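Colleague: I'm new to this one, and I'd like you to walk me slowly through a single part of it. Here is what I have open.

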Amino acid sequence: MSQTFITRHPSTLWVLAFLGLFTLLVSVFSEAAGVGLVSTSFVKTLGKTLCLCLIAIAMDVVWGYCGILSLGHFAFFGIGGYAIGMWLMYARTEAIVAQSLSANIIPPTDVEISTAIGNQIFGVVGSSDFPLIWSFAHSLTLQLLMVLLIPGLLALVFGWLAFRSRVTGVYLSILTQAMTLALALYLFQNDSGLRGNNGLSGLQNIPGYEETPQAFISIAFFWASSAALALGYVLFAWVTAGKMGSVIRAIRDDEQRVRFLGYHVESYKLFVFTLTAVVSGIAGALYYPQAGIINPAEVAPIASIYLAVWVAIGGRGKLYGAVIGAVFVSLLSSYFTGGSAPDINLGFYIVKWTDWWLVLLGLSFVAVTLLFPGGIASLFDKLTRKS
Amino acid sequence: MSTLLEMSGVSVSFDGFKAINNLSFQIAEPEMRAIIGPNGAGKTTFMDIITGKTKPDEGRVIFGEKSISLLGMSESKIAKVGVGRKFQKPTVFEAQTVRENFALALKNPRGPFDVLRHRKTKNGAQRIEELAERVGLIDELPRLSGELSHGQKQWLEIGMLLAQSPRLLLVDEPAAGMTPAEREKTTDILVNAAKTHAVVVVEHDMEFVRRLNCKVTVLNEGSVLAEGTLDHVTQNPEVIDVYLGR
């Protein structure tokens with residue numbers, strides 16, 4: 001079946017082949033392979049970029065194909081990151097505490113261990129008690145389940161309420177943004193149970209692999225991100241092809257008409273919204289161990305707006321467009337804001353890219369929207385059509 | 001011939017304006033019925049009520065042998081029960097091909113997971129070709145429906161309506177903006193459909209209604225003014241007053 005599916009969708013095959021080749025090249029030239037042409041920190045940047053591509057294609061499905069301009073998908077991304085971060089932080093702190101307490105002559109009790117871990121984790125917010133939401137943090141399996149369940153359930157409940165009331169268009173965007181903002185504000189509080197604005201840190205240290213150099217860990221996450229992107233791409237290509245794609249594009253263009261054809265539009269929107277939210281959660285769970293830290297600012301509405309900008313610049317309604325947009329904009333962004341971009345001296349004024357990058361991004365967003373509504377991907381299409 | 005749809009005592013008002021006022025209406029299966037009336041007579045609201053877009057303030061809408069009430073059902077559920085609607089302005093999915101448009105309308109399970117598992121079948125393809133033949137779009141199947149002419153879009157929409165296999169077809173101004181030749185063909189398609197279905201046609205154009213050769217219901221100010229053959233109703237002084245007196 002997949003054979004025929006791939007042959008019927010050559011662009012998917014191209015993306016997968018390119019992704020495979022890219023993964024191979026980066027691995028071969030990485031420090032883990034002993035070459036070191038690609039530094040470990042750059043491998044992490046690339047791995048993170050792959051995760052951003054994954055959430056970008058999710059955004060493209062929900063917005064470009066189904067017409068729901070969600071400004072909340074980075075919230076799901078952040079929740080995925082927090083969910084995996086809780087386990088990473090707990091397990092690592094547990095190992096450190098166990099080591100330091102093992103020096104005691106009298107073996108520590110369970111309560112003592114738990115208090116010590118709590119002190120380590122929640123000391124920064126002046127607490128040592130484990131909040132209820134940390135109940136599963138000791139178990140990787142349960143916490144991985146949370147990566148899928150919490151974004152999925154939140155999207156399901158939120159989407160059910162919003163779509164059932166027939167909230168559409170810009171009003172829905174505002175509603176999703178409000179959800180994101182509410183979540184970010186909650187996370188900023190010290191008593192949220194997730195360390196307030198300190199967020200979760202030290203996530204690059206994987207419990208059980210303390211001795212493994214970051215060079216190898218970064219490559220492992222890079223591969224995982226690459227595999228997740230490949231699977232996500234095939235999943236979404238499958239969903240948006242065929243009749244499902246036809247129905248959701250029809251909903252984007254005229255949902256009332258689709259209702260009169262006998263389709264329950266709300267169920268379709270809910271399906272797309274929830275599926276993409278779960279994928280966003282997975283992307284976040286892969287992203288933050290590579291970033292090393294997650295804090296509430298990551299969940300702020302601006303991140304979700306960036307996401308929409310990537311997809312618009314790359315090309316809405318085409319999965320590879322979203323990939324192009326995410327790669328292009330996020331790599332440029334890290335180039336310009338990383339301080340390595342040379343300042344431009346105009347004589348009377350020095351253009352510092354760290355300040356002017358957002359202006360450049362804003363201008364290119366306007367330019368793309370006005371001049372190439374199909375985004376960068378539409379340029380590709382023109383080239384292939386001519387040849 | 002048995003009654004398929006029965007509306008009785010239906011009223012609906014928008015901000016105090018009575019769009020439909022104590023309206024009663026029946027249609028059998030198969031039957032062709034034309035609805036005429038001046039602007040603002042409530043023709044579109046009448047369709048909105050049947051298809052579930054507008055909820056009436058009072059009255060009953062009963063459908064089928066089992067006399068199920070359409071009130072309180074969602075638009076999609078009403079469509080699944082067997083009511084299809086063609087809009088005044090042709091609304092086809094312009095970014096998709098004619099074939100895809102037909103496939104969307106084709107009678108198949110409508111749930112998201114049914115659609116996800118959907119496989120194209122020989123049967124379905126055959127049915128699409130049959131319908132396309134019937135509405136004269138067989139050569140246009142691979143084209144984007146946005147590229148079709150106005151008349152072709154109207155036919156595509158009628159074809160999609162037939163693809164749904166509804167029992168009751170509500171057709172709003174099918175001949176608007178068509179050339180005489182196109183009108184004739186549209187008449188044929190509708191008359192043919194009325195041999196097996198209940199068809200309600202809303203139309204302004206008397207010539208078109210005459211060609212349909214069916215019972216006519218005249219709406220005015222939200223209720224039925226007259227009912228009968230076209231000759232009968234056009235001789236009714238009240239009808240003449242409403243149409244010509246203003």
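Where in chain A does A:Leu71 lie?

Modeller: Before we zoom in, keep in mind that this is a predicted model. Now to your residue: A:Leu71 lies in a loop of chain A, with helix H3 (40-65) on one side and helix H4 (73-101) on the other.

You might wonder whether that loop residue is buried or exposed. A:Leu71 has a relative accessibility of 11%, and anything under 20% is called buried, so A:Leu71 counts as buried.

What does A:Leu71 touch, once its neighbours within four places in sequence are left aside? One set of partners is A:Ser173, A:Thr176, A:Gln177 and A:Thr180, and there are also contacts with A:Ser304, A:Ile305 and A:Ala308. Try picking those residues out on your screen, starting from A:Leu71. Then look for A:Tyr306: along the sequence it is 235 residues away from A:Leu71, yet the two C-alpha atoms are 9.3 Å apart in space.

That kind of link across the sequence shows up in the chain totals too. Take the contacts in chain A between residues at least 6 apart in sequence: 76% of them join residues at least 24 apart. As for burial, 49% of the 387 residues of chain A count as buried, and A:Leu71 is one of the buried residues.

Let's step back to the rest of chain A. You should find 15 helices and four strands in chain A. Its radius of gyration is 22 Å, close to the 21 Å that the globule rule gives for 387 residues, so chain A is as compact as a globular protein of that length. If you prefer a box, the C-alpha trace spans about 75 × 55 × 55 Å along its principal axes. On the outside, chain A exposes about 17,900 Å², and 69% of that comes from carbon and sulfur atoms. As for charge, chain A has 19 positive and 17 negative charges, and their mean positions are 18 Å apart.

Chain A also has a partner. Where the two chains meet, 25 residues of chain A are in contact with 29 residues of chain B. Together they bury about 2,500 Å², with carbon and sulfur atoms giving 62% of that area. On the chain A side, the residues that lose the most area to chain B are A:Lys243, A:Arg257 and A:Phe260, which together make up 31% of what that side buries.

While you have chain B in view, have a look at a few spots there. A cis peptide bond, with omega about 0°, joins B:Glu29 and B:Pro30. B:Pro30 lies in the loop between strand S2 (17-29) and S3, and B:Glu31 is in strand S3 (residues 31-36). B:Glu31 counts as buried, at 13% relative accessibility, and beyond its sequence neighbours within four places it is in contact with residues including B:His197 and B:Lys215.

Two more loop residues of chain B have a positive phi near 50° without being glycine: B:Asp15 and B:Ser67. B:Asp15 is in the loop between strand S1 (2-14) and S2, and at 85% relative accessibility B:Asp15 counts as exposed. B:Ser67 is in the loop between strand S4 (58-63) and strand S5 (68-69), and is partly exposed with a relative accessible area of 45%.

Terms used. Residues numbered from 1 in each chain as written. Chains lettered and ligands numbered in written order. Predicted model: local features only at pLDDT ≥ 70, side-chain atom pairs only at ≥ 80, totals over all residues. Heavy atoms only, no water. Helix = DSSP H or I, 4+ residues; strand = E, 2+ residues; numbered from the N terminus. Rg over C-alpha atoms; globule rule 2.2 N^0.38 Å. Buried < 20%, exposed > 50% of the residue type's maximum accessible area, 1.4 Å probe, protein only. Contact = heavy atoms within 4.5 Å. Areas by Shrake-Rupley, 256 points an atom, 1.4 Å probe, with all protein chains shown as cover. Lys, Arg positive; Asp, Glu negative; His and termini not counted. Charge placed at Lys NZ, Arg CZ, Asp CG, Glu CD. Buried area = accessible area lost by both parts, 1.4 Å probe.
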